[in-house]
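Please examine the protein shown below. The briefing that follows describes its residues, its strands and its overall form.

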Amino acid sequence: EEPKTINLGNITFSAGVDFTGAYFYRGIAQENQQLIVQPWANLSVKLFESDECFINSFSINFGTWNSLHEGPSTDSSGIEWFESDFSAGFSLGLPHNFTFDFTYISLDGPYDGINFAEEIDIALSYDDSGHWSDHGVGFSGLQPYILFAFETNGGSDDGDSEGVYFELGIAPSFVVLPNNSFPLTFTLGMTAGFSIDDYYEDGQGDDDGFGYFLLSPMFSFPINCIPPEFGAWEVSFGANLMFLGDSAADIGGPNSFDVTNGDDFE
């Protein structure tokens with residue numbers, strides 16, 4: 001009998017759908033009324049892996065992210081496909097648990113038939129979970145990262161210039177209910193976004209260096225009753241508390257819809 005082929009995990013597919021009460025893109029308001037549905041999917045193909053080289057692994061990644069709105073952002077009586085983003089890039093596994101990511105992203109608006117923006121993202125992240133695994137505290141580390149985004153076409157703000165964006169964040173995670181069937185995990189994401197050059201331009205062309213600070217408490221648990229051959233399933237629920245810079249709070253939403261009313265906290 002011939003040996004069976006074993007899937008070594010070189011191809012990873014993940015997908016999900018989020019339901020949210022408001023949609024902000026890097027602190028820039030898009031919608032906060034009625035139904036907002038955001039389905040997404042990602043595909044990663046690992047082409048190389050080795051512990052003997054400086055580059056430990058090499059993967060190519062493809063993704064799509066979408067936002068469907070029912071509120072004033074689409075100026076429609078029903079739910080409309082407001083945004084559809086496509087991403088493609090590669091990921092390098094580096095020594096000491098560092099990861100480098102290079103991604104091209106196109107942000108499109110199917111409802112209006114326009115291209116919002118195109119950008120190149122460069123990110124460096126660090127997996128520090130190994131420093132805590134031996135302590136038995138159910139803590140997966142801070143998971144810090146930094147990201148630079150360079151707009152190559154269009155822009156996400158109200159200005160005419162292509163901008164440069166900088167982001168840094170952490171996402172400490174704790175197992176608060178160690179249950180074999182439904183272990184409950186609490187994650188406290190913290191993200192800060194800044195304009196390096198013309199990323200948060202308002203209607204008058206004024207750029208604010210501080211974009212936003214986001215605090216994202218979230219609870220999640222796996223659905224272990226689903227057989228493993230159907231993949232790993234998870235449910236999460238949480239909130240986003242956002243502090244906005246002056247320009248981010250003033251930037252108008254789609255169709256001149258004033259999402260924030262100038263408020264600096266959402």
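**Thr191 and the model as a whole**

Thr191 has a relative accessible area of 14% and is therefore buried; buried means under 20% relative accessible area, exposed over 50%, and partly exposed in between, with a 1.4 Å probe and protein chains only. The model is predicted, so local features need pLDDT of at least 70 and side-chain atom pairs count only at pLDDT 80 or more, while totals for chains, interfaces and linings use all residues. Residues are numbered from 1 along each chain as its sequence is written, and side-chain values use heavy atoms, with hydrogens and water left out.

**Overall form**

- The protein contains one helix and 15 strands; these are DSSP runs numbered from the N terminus, with helices (H or I) of at least four residues and strands (E) of at least two.
- The C-alpha trace spans about 70 × 40 × 40 Å along its principal axes.
- The radius of gyration is 20 Å, which agrees with the value near 18 Å for a compact globule of 266 residues; this radius is taken over C-alpha atoms, and the globule rule is 2.2 Å times the number of residues to the power 0.38.
- Of the 266 residues, 33% count as buried.
- The accessible surface comes to about 15,000 Å², and carbon and sulfur atoms hold 58% of this area; the areas come from the Shrake-Rupley method with a 1.4 Å probe, and for residues only the protein chains shown count as cover.
- Among contacts (heavy atoms within 4.5 Å) with a separation of 6 or more, 55% are between residues 24 or more positions apart.

**The largest nonpolar core**

- In soluble globular proteins, nonpolar side chains tend to be buried together.
- The largest nonpolar core here has 25 residues, and those with the most contacts inside it are Tyr165, Tyr200, Tyr212, Met242 and Leu244. Such a core is a set of buried Ala, Val, Leu, Ile, Met, Phe, Trp, Tyr and Cys residues joined through side-chain atoms within 4.5 Å.
- Several elements each supply at least two residues of this core, including strand 7 (98-109), strand 13 (210-222), strand 15 (241-244) and helix 1 (246-250).
- Strand 2 gives the most, with three residues.
- Beyond residues up to four places away in sequence, Leu244 touches ten residues' worth of listed partners, including Phe24, Tyr212, Ala249 and Glu266.

**Strand 12 and its hairpin**

- Strand 11 (residues 173-177) and strand 12 (residues 184-197) form an antiparallel pair over four bridges; two strands pair if DSSP finds at least two bridges between them.
- Six residues make the hairpin connection from strand 11 to strand 12, and Leu177 has Leu184 of strand 12 as its bridge partner.
- Thr191 also lies in strand 12. Apart from residues up to four places away in sequence, its contacts include Tyr145, Glu167, Tyr212 and Leu214.

**Two further buried residues**

- Ser91 is located in strand 6 (residues 80-94) and counts as buried because its relative accessibility is 14%.
- The side chains of Ser91 and Asp101 are joined by a polar contact of 2.9 Å. A polar contact is a pair of N or O atoms within 3.5 Å; within protein, one must be able to donate a hydrogen and the other to accept it, and residues adjacent in sequence count only if both atoms are side-chain atoms.
- Leu107, in strand 7, counts as buried at 3% relative accessibility.
- Leaving aside neighbours within four places in sequence, Leu107 is in contact with residues including Tyr25, Asp85 and Phe116.
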